[in-house]
Amino acid sequence: MPWVRIDGDELRVEDARIVWTPAVTANAEGIAFWLRASGGRTVMHIAGWAPGTSAADLDGQDVRIENPGPDAGVDGRFMTNARVRFGRVTSDRAVVSVDGQVEALEPSDDSIATFEADLVCTVAPMAERDHCLGCGGPLDRYAATRDEFVAGFRITQRVLPVLCPNCVGVVDQPRFCPTCGTAFAADAVSTHGEEGRTGYTARCVQGHVFSGALPG
Ligand SMILES: [Zn+2]
Ligand SMILES: [Zn+2]
């Protein structure tokens, strides 16, 4: 059974997954990965970067994370450092052990707790959303690159807009699935509030779910 332990206390883990994407740094090809373990709620999450071109390249790697940043935590506490050891990794499954340190829950308490985890994760590439939400057309030609920091590494990621230039300012709700480009059925789109704007949740016939607001 997979587990996460913090100062020896075991937290229940029902699901662990790794999502990855190609991420080039100034001097190396690599992949950025996001690991999340949950058991009803998120128990542990951590992001990292490793050399390679696909998930299988993580096989046998020992990744030290010196700057976990705000995107990493265990049981609601911030991580101060971590070491992620990948055992057997294939394109869809990874055996991972993690250990490291986290801050105390109270800001006034400067003690450090240790944590360790043994997980079997599902592995998947980050979903590519390369169809326009308004017309279903391809977005590849509008790709841009953006630099961001993951675990202290400055990486360059390829990003796509959600609407093509023809649909910006014209489309008032998601009409086509961004993942596969099929039209959403009228009753498959619902609205919700999202940070003061109208957010949409839509599910296509293939089961892809879009959730978010439209730009502008
Ligand atoms: Zn469009
Ligand atoms: Zn779809």
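Domain bounds here come from an automatic or database domain assignment. In this predicted model, that assignment splits the chain in two: domain 1 covers 3-125, and domain 2 covers 140-144 + 161-213. The C-alpha centres of domain 1 and domain 2 lie 31 Å apart.

Start at the N terminus. Strand β1 spans residues 3-6 and strand β2 spans residues 9-12. They run antiparallel, and 4 bridges join them. Val4 has Leu11 in β2 as its bridge partner. The two strands make a hairpin with 2 residues between them. Asp7 sits in that turn, with a positive phi of about 50°.

Now follow strand β8, which takes part in several pairings. Strand β6, residues 62-65, pairs with β8 in the antiparallel sense over 4 bridges. Within this region, Val63 stands opposite Val84 of β8. Strand β7, residues 73-74, also pairs with β8, again antiparallel, over 2 bridges. There Val74 has Arg77 in β8 as its bridge partner. β7 and β8 form a hairpin too, with 2 residues between them. Asp75 lies in the turn and has a positive phi of about 55°.

The next partner is β9. β8 and β9 pair in the antiparallel sense over 8 bridges. Ala82 stands opposite Gly100 in β9. A hairpin through 3 residues joins β8 to β9.

Turn next to the interior. The largest nonpolar core holds 38 residues. Which of them touch the most other members? They are Ala32, Phe33, Ile46, Ala94, Val96 and Cys121. Six strands each give two or more residues to this core: β3 (15-22), β4 (30-38), β5 (42-51), β8 (77-89), β9 (93-103) and β10 (112-125). The largest share comes from β5, which supplies 6 residues. β8 and β9, paired with each other over 8 bridges, are both among the contributors.

Phe33 is a good residue to inspect. Leaving aside residues up to four places away in sequence, Phe33 touches Ile18, Trp20, Ala47, Gly48 and Ala50. Apart from the largest core lies another core, of 12 residues. Its members include Leu163, Val171, Phe176 and Cys204.

To retrace the path on the model, begin at the hairpin of β1 and β2. Move on to β8 and its antiparallel pairing with β9. Then look for Phe33 and its contacts, including Trp20 and Ala47. End at the other core, where Phe176 is one of the 12 residues.

Notes:
Residues numbered from 1 in each chain as written. Chains lettered and ligands numbered in written order. Predicted model: local features only at pLDDT ≥ 70, side-chain atom pairs only at ≥ 80, totals over all residues. Core = buried A, V, L, I, M, F, W, Y, C linked by C-beta atoms within 7 Å. Buried ≥ 20, exposed ≤ 12 C-beta atoms within 10 Å, placed from the backbone. Contact = placed C-beta atoms within 7 Å. Pairing = 2+ DSSP bridges.
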